Amino acid sequence: MKRRTFLKTSAAALCGPIIQTSHSKQRPNILFAMSDDQSWPHAGAYGSRMVNTPAFDWVAREGCLFSNAFASAPQCSPNRASILTGRPIWSLDEAGTHSSYFPKKWTVYPDLLEQAGYCIGYTGKAWGPGNWQDAGRPRNPGGEQFSQLRINDAPQGINKLDYAANFEAFLKEKPDNAPFYFWYGCYEPHRVYQQGVGQESGKQLSDASVPPFLPDNGVIRGDLLDYAHEIEWFDAHLMRMLNLLKERGELDNTIVIVTSDNGMPFPGAKATLYEYGIHMPLAIRWPDGMKGGRTIDDFVPFIDYAPTILEAAGVKIPNGVMGRSFLDVLTSNRSGQVDPDRTRIVAGRERHSHSRFDNWAYPARCIRTDKWLYIRNFKSDRVLAGDPPGYHDIDDSPSKSYLIEHREEEHIQPLFEHSYGKNPPEQLFDIRRDPGCLNNLADQPQLAATKNQLWSELLQQLEKGNDPRVKGKGDAYESYPRFGGMRPQLGGFAERGKYNPSYQ
């Protein structure tokens, strides 16, 4: 895609028709800020000492901090497709797996906002990785790209995009009387990291918070500090954006949504349905439309972003959106559990990277309540992290290497198996006592009724969404093309393919 050159263009090139009504001036702007690979505990507002996130904390302090926000999938492109459409991954065909097509038939909310007069833009990572061009889309589903301005001396491992400067260029280009929607898609803290940068920036190993599924030693702690350093890069650009809006007098009528796409890039987190893979940070600030200083315990699945944003913008929610707006929760002025029906979420995963023979997926679905996490693994003969010796569903890192190299040691072996082994068809975790998801309770007779009830609820949601995995058509996922790196030693039957117009 050709990048924009930031010359003043017509409103039609950036926005939908400018609706000249008094109401249009009251419509909120929307800034959607998303880091790449950040688990929920890792922000100052959640009590983390490992990271310094003044921008996130500002949004949380003057807005709402959510304690139960959950990704639709523990991977970037299927989860981002779910955000954009308001549909679970099993209702999105190829877009429900990693690095495939985004069929044109799925309506995305940025297009609807644009049609209603909003100016649309994004910087960094919107939907992806994957192929939207051959699916007949004129642009990335996230909107018009603003990724021209760069920081040439960015630290090693940090993307060179000047996210905040690109946001400013977008604001300068849009008409003054038009509301905007902007997607800030930071590439950080996605790996790779400059090893040791966390300590070089002044962090101490004692600051690191080691999750229970990783060994506690200097290698792991140093890796966590490097991860924290990149979260702070995301937050620093967000702070510049917030200050820019404040200077322009537009901050208080801007809905600022800050979250991440999936869990931290460590063994036992990203690309798994465990707690650190799907539980996400979320803070929302909108002084003109909601009361701040609140913590919300309602469960918010990512399929609910699309209808919430559309409702806040006064745009009709289209048929087919399966998420439910939580605008009523935002505007309720209440804390804690606001909506008594928001007490569980469902999520899932299919293929992540090319990490198994013939591009096979790792199909799994889960349901999460305030106490339980139940996971159904549909292909329990497959290795969770991808085929050995590469285990490519886990990003390469010092932490990954340490677990592999020390897997024979008595205290490391169970942690290695947790992230790199095979899983039984059913897993059940008491998430309050075991947030690391290390103790599978699925075979305990006294919990059989609990397990069966959770599976019944999950199955009902999967059937409602016509999930191929429960409709006897799960093999379709094995045929979807992949438009990312392929590893010849694993085979690549589904590496490339012509777009099938029947999916359009």
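Tutor: Start with a cut-off: a residue is buried when its relative accessible area is under 20%. It is exposed over 50%, and partly exposed in between. Note too that this model is predicted.

Student: Which residues of α4 are buried?

Tutor: They are C76, S77, P78, N79, R80, A81, S82, I83, L84 and T85.

Student: Why is α4 called largely enclosed?

Tutor: Ten of its ten residues are buried, so the rest of the structure largely encloses α4. Its buried residues pack against β1, α5 (109–115), β5 and α10.

Student: How does α4 lie relative to β1 and β5?

Tutor: Helix α4 (residues 76–85) lies across both β1 (29–35) and β5 (180–185). It runs at about 165° to β1. Helix α10 (residues 305–312) packs on the sheet too, touching β1, β5, β6 (254–260) and β8. The direction of α10 makes about 170° with that of β6.

Student: What makes β4 and β9 edge strands?

Tutor: Each pairs on one side only. The open sheet has seven strands, in the order β4-β5-β1-β6-β8-β2-β9, with mixed pairing. β4 covers 119–124 and β9 covers 294–296.

Student: What makes β2 and β8 a pair?

Tutor: Two strands pair if there are at least two bridges between them. Strand β2 (residues 64–66) and strand β8 (residues 282–285) have two bridges, in the antiparallel sense. The pair therefore meets the cut-off. Within it, C64 stands opposite I284 in β8.

Student: Why is S72 called buried or exposed?

Tutor: S72 has a relative accessible area of 6%. The limit for buried is under 20%, so S72 is buried. S72 sits in the loop between β3 (69–70) and α4.

Student: What makes the link between the side chains of S72 and S82 a polar contact?

Tutor: The distance is 2.7 Å. The cut-off for such a pair of N or O atoms is within 3.5 Å, so the distance passes. Beyond its sequence neighbours within four places, S72 is in contact with residues including S82, N79, F302 and G348.

Student: Why is S380 called buried, exposed or partly exposed?

Tutor: Its relative accessible area is 26%. That falls between the cut-offs of 20% and 50%, so S380 is partly exposed. S380 is in the loop between β13 (372–377) and α12 (398–405). Leaving out neighbours within four places in sequence, S380 is in contact with K422, N423, P424 and P425.

Conventions. Residues are numbered from 1 along each chain as its sequence is written. This is a predicted model: local features need pLDDT of at least 70, side-chain atom pairs count only at pLDDT 80 or more; totals for chains, interfaces and linings use all residues. Side-chain values use heavy atoms; hydrogens and water are left out. Helices (H or I, at least four residues) and strands (E, at least two) are DSSP runs, numbered from the N terminus. Contact means heavy atoms within 4.5 Å. Axes are lines fitted to C-alpha atoms, for helices over the stretch in contact, and angles run from 0 to 180 degrees between N-to-C directions. Buried means under 20% relative accessible area, exposed over 50%, partly exposed in between (1.4 Å probe, protein chains only). A polar contact is a pair of N or O atoms within 3.5 Å; within protein, one must be able to donate a hydrogen and the other to accept it, and residues adjacent in sequence count only if both atoms are side-chain atoms.
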